[in-house]
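Open the model in your viewer and keep the sequence panel in sight. We will go from stop to stop, with a suggestion for what to select at each one.

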Amino acid sequence: MDQQTIIAGFEARARALGLPMSQVCDAAGVHPTTFSRWKRSERNPKPVGASLKSLSAIEDALVQQEGPHPTKPASAAAA
């Protein structure tokens, strides 16, 4: 998966939660301007590479906002 796909996924998840990406970035300790520099655009055709640490922090911030995922009941797992 390339950086642009990961970033688009983060943005889609934030949108689904009704959160601005700047709020997700703040929670992750990533400056929103840094996040925007990772995105490819006409003005930024060769975006800066994001670090795994920063991408992981944004992933963690989104997971916290998404809340716990439902798990299968024990009886369904045994079937």
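## First stop: Lys39 and its partner

Select Lys39, which counts as partly exposed, with a relative accessibility of 30%. Now add Glu11: the two side chains form a salt bridge, with N to O at 2.7 Å. Glu11 belongs to helix α1 (residues 3-17) while Lys39 sits in the loop between α3 (32-38) and α4, so this pair ties together parts of the chain 28 residues apart in sequence. Keep in mind throughout that you are looking at a predicted model.

## Step back: the whole chain

Colour the chain by secondary structure. You should find five helices and zero strands, in the order α-α-α-α-α along the sequence. Of the 79 residues in the chain, 27% are buried. Among contacts with a separation of 6 or more, 61% join residues 24 or more positions apart.

Next, colour by pLDDT. The chain has a mean of 89, and 86% of its residues reach 70 or more. Which helix has the highest confidence, and which the lowest? Helix α2 (residues 21-28) is highest at 97, and helix α5 (residues 74-78) is lowest at a mean of 51. Where pLDDT is low, the predicted coordinates should not be read in detail. With that in mind, let's move on from α5.

## Arg13 and its two glutamates

How many salt bridges does a search of the whole structure find? There are three, and you have already seen the one between Glu11 and Lys39. For the others, select Arg13, Glu59 and Glu66, which are linked in a network of salt bridges.

Look at Glu59 first: its side chain meets that of Arg13 at 2.6 Å, N to O. This pair links distant parts of the chain, with Glu59 in helix α4 and Arg13 in helix α1, 46 residues apart.

Now turn to Glu66, where the closest N and O atoms of the salt bridge with Arg13 are 2.9 Å apart. Arg13 lies in α1 and Glu66 in α4, so here the parts tied together are 53 residues apart in sequence.

Are these three residues buried, exposed or partly exposed? Arg13 is partly exposed at 23% relative accessibility. Glu59 is partly exposed at 28%, and Glu66 is partly exposed with a relative accessible area of 28%.

## Along helix α4

Stay with this helix and select residues 52-66, the extent of α4. At 1.5 Å a residue, its 15 residues should span 21 Å, and the end C-alpha atoms are 21 Å apart, which agrees.

Then pick out Ser54, Leu55, Ile58, Ala61 and Leu62, the buried residues of α4. Turn the view to look down the helix axis: these buried residues fall within an arc of 120 degrees, so they line one face of the helix. An α-helix has 3.6 residues a turn, so residues three or four places apart point the same way. The buried residues of α4 pack against α1, α2 and α3.

Rotate to the face turned away from the buried side and you will meet the exposed residues Leu52, Lys53 and Gln64. Select Ser56 too, another residue placed in α4; at 33% relative accessibility Ser56 counts as partly exposed. To place Ser56 against the rest of the chain, draw a distance to Ala28: their C-alpha atoms are 8.6 Å apart, with these positions 28 residues apart along the chain. Just after α4, Gly67 takes a positive phi of about 80 degrees.

## Into the core

Back on the buried side, select Ser54, which counts as buried because its relative accessibility is 18%, under the 20% cut-off. Leaving aside neighbours within four places in sequence, Ser54 is in contact with Val30 and Trp38.

Follow that contact to Trp38. Not counting residues up to four places away in sequence, Trp38 touches a list of residues that includes Gln3, Ile7, Val30, Pro47, Leu55 and Ile58.

For the last selection, show Phe10, Met21, Val24, Phe35, Trp38, Ile58 and Leu62. Of the 16 residues in the largest nonpolar core, these touch the most other members. Helices α1, α2, α3 and α4 each supply at least two residues of this core. In soluble globular proteins, nonpolar side chains tend to be buried together.

Technical notes: Residues numbered from 1 in each chain as written. Heavy atoms only, no water. Helix = DSSP H or I, 4+ residues; strand = E, 2+ residues; numbered from the N terminus. Buried < 20%, exposed > 50% of the residue type's maximum accessible area, 1.4 Å probe, protein only. Contact = heavy atoms within 4.5 Å. Salt bridge = Lys/Arg side-chain N within 4 Å of Asp/Glu carboxyl O. pLDDT = per-residue confidence, 0-100. Core = buried A, V, L, I, M, F, W, Y, C linked by side-chain atoms within 4.5 Å. Expected span 1.5 Å × (residues − 1). Arc of directions from axis to C-beta.
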